[in-house]
Amino acid sequence: MRVACVVQGTATEAAQFCSRYGFEQACIPDPDKASYRAMGFGRALWKDMIFASPGLRARRKEASAAGCRVSLEGTFRKHTDILQLPGAALVAPGGKILWLHRGTHPGDMPSAAELLKAVDATLPAQ
């Protein structure tokens, strides 16, 4: 199994972003957001961003406590969609989607424990 992070940026932007978090070898640029559309990841509504759901508020608080801060760098580039909802997937070689999580708000990503549980439930024991 390999882990990859798909980002909205160009190849250069993806490399810069992912190098900050130690994902240099596993960062896939998708400025056209083709993978997001293919997996059915929707877009948030502006009201969801302003009147944040309890889940989004909790995620923001958790991120803030971990030292994460909002950065506007790159937010207004033509290929960046700040309303793009996130997701996570287990994808087999050849592109078959084995497991999929579609975010319901901008902070809705499964935890590492949830991802490992999905891997255990999806992949055969070795």
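Which residues does Glu13 touch, not counting residues up to four places away in sequence? They are Arg77 and His79. This is a predicted model. The points below cover Glu13 in its helix, a buried glutamine, a strand pair with a nearby proline in contact, and a nonpolar surface patch.

**Glu13 in helix α1**
- Glu13 sits in helix α1.
- Its relative accessible area is 17%, so Glu13 is buried, the limit being under 20%.
- The Glu13 side chain reaches the backbone nitrogen of Thr10, at 2.9 Å.
- Beyond four places in sequence, Glu13 has contacts with Arg77 and His79.

**Gln84 in a loop**
- Gln84 belongs to the loop that runs between α4 (54–65) and β3 (87–91).
- Gln84 counts as buried because its relative accessibility is 11%.
- A polar atom of the Gln84 side chain lies 3.1 Å from the backbone oxygen of Gly42.
- Gly42 also appears among the residues that Gln84 touches, leaving aside those up to four places away in sequence.
- The others on that list are Gln8, Lys33, Tyr36 and Phe41.

**Strands β3 and β4**
- β3 runs antiparallel to β4 (residues 97–102), and five bridges join the two strands.
- Ala88 of β3 has His101 of β4 as its bridge partner.
- Ala88 and Leu90 make up the covered face of β3.
- Gly87, Ala89 and Val91 make up the uncovered face.
- The β3–β4 hairpin has five residues between its strands.
- In this hairpin, Gly94 takes a positive phi near 95°.

**Pro110 after β4**
- Pro110 is placed in the loop between β4 and α5 (112–122).
- Pro110 counts as buried because its relative accessibility is 10%.
- Pro110 touches both members of the Ala88 and His101 bridge pair.
- Trp99 and Leu115 are also contacts of Pro110, again not counting residues up to four places away in sequence.
- Pro110 and Gly87 are 23 residues apart along the chain, and their C-alpha atoms are separated by 8.2 Å.

**Nonpolar surface patch**
- Val3, Phe17, Tyr21 and Phe23 form a nonpolar patch on the surface.
- Together these residues have about 410 Å² of accessible area.
- Phe23 lies in the loop between α1 (11–20) and β2 (27–29).
- Is Phe23 buried or partly exposed? Phe23 counts as partly exposed because its relative accessibility is 36%.

Definitions and conventions: Residues numbered from 1 in each chain as written. Predicted model: local features only at pLDDT ≥ 70, side-chain atom pairs only at ≥ 80, totals over all residues. Heavy atoms only, no water. Helix = DSSP H or I, 4+ residues; strand = E, 2+ residues; numbered from the N terminus. Buried < 20%, exposed > 50% of the residue type's maximum accessible area, 1.4 Å probe, protein only. Polar contact = N/O pair within 3.5 Å; in protein donor to acceptor, adjacent residues only side chain to side chain. Contact = heavy atoms within 4.5 Å. Patch = residues over 30% accessible without salt bridge, like charges linked within 9 Å, V, L, I, M, F, W, Y side chains within 5 Å. Areas by Shrake-Rupley, 256 points an atom, 1.4 Å probe, with all protein chains shown as cover. Salt bridge = Lys/Arg side-chain N within 4 Å of Asp/Glu carboxyl O. Pairing = 2+ DSSP bridges.
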